[in-house]
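Visitor: I am new to this structure and would like a close look at a single part of it. Could you take the salt bridges as the starting point and walk me through what surrounds them?

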Amino acid sequence: MYKIKTYNKISPRGLDLLPRDQYEVSSETVNADGYILRSYKLHDEPFPESLLAIARAGAGVNNIPVDDCTKRGIVVFNTPGANANGVKELVLCSLFLASRKIVQGVDWAKTQIGEGDQVPKLIEKNKSQFAGPEIKGKRLGIIGLGAIGVNVANDAYDLGMDVIGFDPFLSVDSAWGLSRNIQRAVSLDDLVSKADYISIHAPLTDKTRGMFNAEKFSIMKKGVRILNFARGGLVNNNDIKKALDDGIVTCYVTDFPDEELLKHDSVIGVPHLGASTPESEDNCAIMAATQLVNYLECGNVVNSVNFPDCEMQFTGDIRLIVINQNIPAMVQKITGVLADRNINISNMLNRHQDEYAYNIIDIEGNFDEKAIGELKAIDGIIAARVIECK
């Protein structure tokens, strides 16, 4: 029986994938084998020795102490792409909001309450101040072609936009999903200098923080409209406010507003609604639960943020899962424990990422607690466990 502790409200469609005859699922669970959560902050939470994995029903993991988890051999999963359609729809909506001054017009129309029969005349008289261009035929630059960026690119092209994209780390899966009509920018500067609209879908890292700054704004087309549904820290707020004041940027739509941005008339601050759809919440919960089950029952790692993808079908009687520091001779030491016990390896998969490695080893025969203890005693081994093949 696996024990799963839940934080936040997790969609039942995901939790239903954890059969009650095999899983104890509760927000009150102690000594859990796995966690499922959304935005709950775990940084101050003491982890039990039993904890093997944390599944985040969402893309961002800044609420999880990933480095500490890695050092303890706790695999952290996220759910990239599960909320892609929800975010994509809001991005497409924001293309129109940035162009047509719809938000400003609606806000102004509300101020006419009390004018009685004069309202229709006042609406007609003042509507021209909220005019804006159509998006058809305009050039949209998309930075970051992951699941969301690809969906935005394809649908924007179908809306009649001229779409160019930039992603130096484009994955094979994303490339397969990207329409052949999407143009490729040779560099970030090439994209931002050509685009009428820019939609940001890059991850927030030390290298990308503040990537949209005064230098980038200085080479943009005058009147560009910028959409940020990735992370607030990608855009330097002081620099974009100046770009807005100088008329370089006509409108900035962001899902991550702060008080200073909300004060600016040319900023549309969306209250982090990108993935706020019931469909997204269901998809994220289903994906998180599926990954957690696959890991606990089979040892397979898919969509981990701190360990490499490592997936293999059962081919033996017993499966060993070993997590170790990525240092020389570790595989030799691990297999040496098996050789000393005359245990045959039927299949083995070793993957590494940065300073750590992950091993799936299917063996024929038995592997008792004493043998697991010998594995754990090897210098550089972080975690080891046995899974019986089903």
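Guide: In this predicted model, the side chains of Asp155 and Lys88 come together in a salt bridge, with 2.7 Å from N to O. The pair joins distant parts of the chain, since Asp155 belongs to helix α6 while Lys88 belongs to helix α3, which covers residues 84-100, and the two are 67 residues apart. Their surroundings can be told from their accessibility: Asp155 has a relative accessibility of 23% and therefore counts as partly exposed, whereas Lys88 is buried, because its relative accessible area is 10% and the cut-off for a buried residue is under 20%. Side chains of opposite charge can pair when their charged atoms come close.

Helix α6 spans residues 147-158, and the loop between this helix and strand β7 (162-166) holds Leu159. With a relative accessibility of 37%, Leu159 counts as partly exposed. Together with Phe96, Ile102 and Val106, Leu159 forms a nonpolar patch on the surface, and the accessible area of these four residues comes to about 310 Å².

Strand β7 brings in another salt bridge, the one between Arg139 and Asp162, whose closest N and O atoms are 2.9 Å apart. This pair also links distant parts of the chain, with Arg139 in strand β6 (residues 139-143) and Asp162 in strand β7, 23 residues apart. Arg139 is partly exposed, with a relative accessible area of 24%, and for Asp162, likewise partly exposed, the value is 24%. Strand β6 also contains Gly141, and this glycine is buried, its relative accessible area being 0%.

From Gly141 one can step across to another part of the chain, for the C-alpha atoms of Gly141 and Lys241 are separated by 20 Å, while the two residues stand 100 residues apart along the chain. Lys241 is linked with Glu260 and Lys263 in a network of salt bridges. Within this network, Glu260 forms a salt bridge with Lys263, where the closest N and O atoms are 3.1 Å apart. Glu260 is partly exposed, at a relative accessible area of 39%, whereas Lys263 counts as exposed because its relative accessible area is 54% and the cut-off for an exposed residue is over 50%.

To set these pairs in the whole, the structure holds 14 salt bridges, and the secondary structure of the chain comes to 14 helices and 16 strands. The chain has 390 residues, of which buried residues make up 47%, and its C-alpha atoms fill a box of roughly 90 × 45 × 35 Å along the principal axes.

One further feature is worth a look, namely the second largest pocket, which has a volume of about 710 Å³. Its lining consists of 21 residues, and those that lie nearest the centre of the pocket are Val66, Val305, Asn306, Gln353 and Asp354. Helix α2, made of residues 66-72, gives the most to this lining, with four residues. Sorted by class, the lining of the second largest pocket has eight nonpolar, eight polar and five charged residues.

Note on methods: Residues are numbered from 1 along each chain as its sequence is written. This is a predicted model: local features need pLDDT of at least 70, side-chain atom pairs count only at pLDDT 80 or more; totals for chains, interfaces and linings use all residues. Side-chain values use heavy atoms; hydrogens and water are left out. Patches are made of residues with over 30% relative accessible area and no salt bridge: like charges are joined within 9 Å, nonpolar side chains (Val, Leu, Ile, Met, Phe, Trp, Tyr) within 5 Å. Accessible areas come from the Shrake-Rupley method with a 1.4 Å probe; for residues, only the protein chains shown count as cover. Buried means under 20% relative accessible area, exposed over 50%, partly exposed in between (1.4 Å probe, protein chains only). On a 1 Å grid over the protein atoms alone, a cavity is a set of points where a 1.4 Å probe fits but cannot get out, and a pocket is an open set with protein on both sides within 12 Å along at least five of seven lines; lining residues have an atom within 4 Å of a point. Grid points are joined across faces, edges and corners, and a volume is the space filled by probe spheres set on the points. Ala, Val, Leu, Ile, Met, Phe, Trp, Tyr, Cys and Pro count as nonpolar, Asp, Glu, Lys and Arg as charged, and the others, Gly among them, as polar.
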